[in-house]
Amino acid sequence: MFLFRQPAAAQHNDTSAMLAVNFKTTEKTVYHKALAEYIASSYAEPPEAYRDDLRVLDELREAATAALDANTSVLKRNIRYYGQLAFILSKFPADVNTRFTWYNSFTPDSETSSQDLYFERASVLFNVGAVYSQLGCRESHGDKDSLNRAFNYFQQAAGVFGHLQQKIVGECRTQLTTDMSTYMLATLENLMLCQAQECVWHRSVLTRMKDVNIARIATHVAELYEQTTQTASQGSLASTIPNGWIDHLKVKGLYFRAEAQLRKSMDCLANTQYGEEVARLQAAQEYCSQINELVVYDQRWSKLLRAAVLEMVKSQAELVSSNRTRAEHDNDVIYLDTVPAVPSLADISPYKLAQSKVPEVIENPGKFLGSEELGPPLFKGLVPFVIHQAASLYEDRKDQLVNKDLITALDELTADCESVLNSLNLPHALEAIQKPIGLPPNILIGADEIRSEGGYIGIKRLLDTALASNAHATELLATAEKALSDEAREDTQVRQSTTKDVERLESADLTNKFRAEIAKYRDVLQRARESDATIKAQVDTWSKFFALLGSPRDEIERQVPSTTANPITDPQHSQIVGRLQQYMDEVTLMKRERAKSMDKLKRVATEDDITPALNEEMQRLAAMSATPILQFELHQFEDLFAQKLDKYMTWRKYIDEEREAQTELLDSIREANQAFLVARSNHPLLQQREKALSNLESATKRYREASFNLHDGARFYASLEAELQKLKTGCVDFAMARHLEALELLGLSHGETPADLAQTPEHIGSASAQQQPPPNLVWDPSMPLKYRSPK
């Protein structure tokens, strides 16, 4: 097996004063065979349909794991492969019978081998972090732009290692090498933050920032190096990470403690704080002395530390020593300022700028699928059949709960409210009092809408179109079914016409899919006919009112009784009408708020897509299985269904509250209406006017309902006819192909058709007469027809 391994020495730059993470190396692995077998055994689709996806996946892995180097091309290839792995894990279980072998980044002789896609994804992400770290070290660090690039690279490296520790390795189902342990990843994240903050320090020195700010930046660099030293010393890491790393961390921590004191002393000098300047330099020289003791008295340190680091330490020690000598002399001779004790010096507050930044393409790769970064998602159309079934079952249950139970309950509450108001002839009785002549605005607006849509003639035309569309769709379905019936009869005749064994599949084995589609559409058309009949009955019932509402306004007003009789003389009239109107306003507000709540519920239900949760549940169940060949059953998702549907239970409480509030309000309306009836008893024409206005308002609502349903039906029939035309074409093409095959089996040409085969399937297009389905495959209308050559 070919190895993609590289010498560790080639993976980083030893001349840098910063540390880079080596790549993890791997052995060559291919997905094609294992994934093809899994698709064939666990999915309801042929693996040949995903030949290109399998090839591309193998190419992505090879491109990501071969020829590793610190450049942006390697970074892009690894990110692309990582993103596709994240998506593929939503399509396949982690164990797909493909073995991945990866070697420890720091001890290349140590390896882990596992059939775990999560392990593969984690290893690839580790290399993404490694590339970022190496790109940061490869920068020259000699100018502002270079330092800015290095700063960003190190922050992204820290983000990747942190994301790997917090989100990724926990999902792995295998024992990991120590380079991906929790302590190691925390150490690597902290190290990258150290070096990012160190870039900030370099930039502050380069741009001549104020000494006090440089001191604060250096303080945080020191804190980060000390924290990293602590995490690197946990457990077995001290013996795992590369030789010299802990030494490097300790020296860097002391170096930046000295640097912070040195820069603070310069700030003291600028501010004439000569005694504190001396104390700060004493503190700085103490740190330099600690470094010197480590390096001079332990030769191992000088051998393991990089030359660039030793040079930094040497230059700093010389500068601190010369500054202290000068400061002490000046203070002793000139300033005579009190020198505070070093322990009494105020701490230098850190200036924190570096932080872990996870690249968005790593944190949320799904957003980048289909983009240039990750490319089109592989196996996009691959979903286990049971997931389709489970999603459909959940949608049915959700529909039952939301639309049949909750929405219906709210609709019934509103209907009950309208029924009570209609029985009291409200609000029409109030409108008749408040406006004894003319028409209310809601009826005028409704009449204008109906007139713009053609009135009764317009709605009748839509209804006739719907009935004609249903008839045409029924005819298409009948043609498709007749073609299959004719073919089945012919198949029987062929078998009875020869004594030889007929080497072809029976019709029933080939037409199951067609017949299932026909049965499905037959049910659809039956339901559509029932809906059309309901709408027709509604149109017929209200036809007189539809015709009136389609008339000019003056004609409608002429048909509605009006009165200019004297107003009610009861002195309590205004109070009675006002109270009843107040209750009616409360009804209007209640209905409006209820409609908003129903819209919100419908929106929640529409946005409630269980598919991602089903895929996660599938992954969880796959992890519990002892074999990669998995068979899922619908009952395995019952707990998930219950969990997802539980969020709708709060709506039951809302319905109970609405019911209680509505009952109380209607009781108040009944009481107020009784007083209102007494007050209006002296107006005999009002009841006729109220009834007329009530009928016109009801007719307006019925017209809108019928118009909406018929327009929706027109769109439905347009889509349905296209699907049925495709089904009919598939059926008749199949029947013609089988007819020609029958002639071939009998050794006849088309012109020699015997009498018992003379009745070929009707309405068969000649364009399909040159093809037949493969004899050993179940017919699929999406596959091209192929025929055998005559024997």
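**Close-up views of a predicted chain**

**Figure 1. Glu658 and Arg594 pair through their side chains.** The side chains of Glu658 and Arg594 are joined by a polar contact of 2.9 Å. The model shown here and in the other views is predicted. Glu658 belongs to helix 24, which spans residues 650–679. Its relative accessible area is 14%, so Glu658 is buried. Setting aside neighbours within four places in sequence, Glu658 is in contact with Leu413, Met590 and Arg594. Arg594 thus appears in the contact list of Glu658 and also as its side-chain polar partner.

**Figure 2. The whole chain, for orientation.** The chain has 791 residues, and buried residues make up 47% of them. It contains 25 helices and two strands. Take the contacts between residues at least 6 apart in sequence: 81% of these join residues at least 24 apart.

**Figure 3. Helix 4 packs against helix 5.** Helix 4 covers residues 117–138, and helix 5 covers residues 144–168. Their axes come within 7 Å and cross at roughly 160°. Helix 4 is therefore roughly antiparallel to helix 5. The crossing of helix 4 with helix 5 is left-handed. Two packed helices are described by the angle between their axes and the distance between the axes.

**Figure 4. Residues at the contact of helix 4 with helix 5.** On the helix 4 side, the contact residues include Arg121, Leu125, Phe126, Val128, Tyr132 and Leu135. Gly129, Gly136, Ser133 and Cys137 are also among the helix 4 residues that meet helix 5. On the helix 5 side, the contact residues include Ala150, Tyr153, Phe154, Gln156, Val160, Phe161, His163 and Ile168. The residues of this contact divide into 16 nonpolar, five polar and one charged.

**Figure 5. Asn127, a buried residue of helix 4.** Asn127 lies in helix 4. With a relative accessible area of 1%, Asn127 is buried. The cut-off for buried is under 20%. The side chain of Asn127 reaches the backbone nitrogen of Lys24 at 2.7 Å. Beyond its neighbours within four places in sequence, Asn127 is in contact with Phe23, Lys24, Leu68, Asn78 and Trp102. Leu75 is 52 residues away from Asn127 in sequence, yet the two are 8.4 Å apart in space, C-alpha to C-alpha.

**Figure 6. His141, in the loop between helix 4 and helix 5.** His141 sits in the loop that lies between these two helices. Phi of His141 is positive, about 60°, although the residue is not a glycine. Most residues other than glycine have a negative phi. His141 counts as buried because its relative accessibility is 17%.

**Figure 7. Arg208, in the loop between helix 6 and helix 7.** Helix 6 (182–206) and helix 7 (211–232) flank the loop that holds Arg208. Arg208 is a residue other than glycine with a positive phi, near 55°. Its relative accessibility is 76%, so Arg208 counts as exposed. His141, by contrast, counts as buried.

**Figure 8. Buried residues of helix 1.** Helix 1 runs over residues 32–42. Its buried residues are Ala34, Leu35, Ala36, Tyr38, Ile39 and Ser42. Helix 2 (51–65) is included in what covers these buried residues.

Technical notes. Residues numbered from 1 in each chain as written. Predicted model: local features only at pLDDT ≥ 70, side-chain atom pairs only at ≥ 80, totals over all residues. Heavy atoms only, no water. Axes fitted to C-alpha atoms, helices over the stretch in contact; angles between N-to-C directions. Parallel < 35°, antiparallel > 145°, perpendicular 65-115°, else oblique. Left-handed = near helix turned anticlockwise from the far one by under 90°. Contact = heavy atoms within 4.5 Å. Nonpolar A, V, L, I, M, F, W, Y, C, P; charged D, E, K, R; others polar. Buried < 20%, exposed > 50% of the residue type's maximum accessible area, 1.4 Å probe, protein only. Polar contact = N/O pair within 3.5 Å; in protein donor to acceptor, adjacent residues only side chain to side chain.
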